Amino acid sequence: QVQLVESGGGLVQAGDSLRLSCAASGRTFSMYYMGWFRQAPGKEREFVAAISRSGISTRYSDSVKDRFTISRDNAKNTVYLQMTSLKSEDTAVYYCAANLVSLTAATLPDYWGQGTQVTVSS
């Protein structure tokens with residue numbers, strides 16, 4: 001059982017940076033692959049980034065590669081998404097996710113957070 005709570009969303013201007021955090025409850029955080037998905041109004045859920053249990057391996061969607069960085073701190077039961085050079089098309093609700101196996105664009109994660117809104121103005 002894992003509970004996920006996202007924070008750090010807000011309203012920013014294009015080109016700005018923002019860091020999202022996802023705090024996880026439970027004693028088995030390090031057993032989970034962690035990731036971020038996002039969903040814009042009227043669109044399907046979109047894979048953003050994922051990170052392995054150790055934090056060594058990461059994966060990004062083409063739309064955010066070279067702009068976003070996912071990281072984790074297992075001692076703090078927290079995963080982060082550092083977003084830079086934000087664009088208006090990054091506007092979405094961002095969801096934290098946890099999975100016992102690797103996360104990909106096709107994954108339906110075992111656990112979801114409730115999401116945090118990121119709005120990027122032009």
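This passage describes the aromatic ring contacts in a predicted model.

Four aromatic pairs occur in the structure. A pair of aromatic rings is described by the distance of the centres and the angle of the planes. One of the pairs joins phenylalanine 37 and phenylalanine 47. Their ring centres lie 5.6 Å apart, and the planes meet at 75°. The arrangement is edge-to-face. Phenylalanine 37 belongs to strand E4, which spans residues 33–39. Phenylalanine 47 belongs to strand E5, which spans residues 46–51. The two residues are ten residues apart, and their pair links distant parts of the chain. Both phenylalanine 37 and phenylalanine 47 are buried.

Phenylalanine 37 also pairs with tryptophan 112. This contact is edge-to-face as well, with 5.1 Å from centre to centre and 65° between the planes. Tryptophan 112 sits in strand E10 (residues 111–112), whereas phenylalanine 37 sits in strand E4, so the pair ties together parts that are 75 residues apart in sequence.

The two partners differ in exposure. Phenylalanine 37 has a relative accessible area of 0%. Buried means under 20%, so phenylalanine 37 counts as buried. Tryptophan 112 has a relative accessibility of 32%. That value lies between the 20% limit for buried and the 50% limit for exposed, so tryptophan 112 counts as partly exposed.

These contacts belong to a wider group. Phe37, Phe47, Tyr95 and Trp112 are linked into a cluster by ring pairs.

A further ring contact involves a charged side chain. Arginine 72 lies over the face of phenylalanine 29. The distance from the ring centre is 4.6 Å.

Definitions and conventions
Residues are numbered from 1 along each chain as its sequence is written. This is a predicted model: local features need pLDDT of at least 70, side-chain atom pairs count only at pLDDT 80 or more; totals for chains, interfaces and linings use all residues. Side-chain values use heavy atoms; hydrogens and water are left out. Rings of Phe, Tyr and Trp (its six-membered ring) pair if their centres lie within 6.5 Å; planes under 30 degrees apart count as stacked, over 60 as edge-to-face and the rest as tilted. Helices (H or I, at least four residues) and strands (E, at least two) are DSSP runs, numbered from the N terminus. Buried means under 20% relative accessible area, exposed over 50%, partly exposed in between (1.4 Å probe, protein chains only). A charge sits over a ring if NZ of Lys or CZ of Arg is within 6 Å of the ring centre and within 35 degrees of the ring normal.
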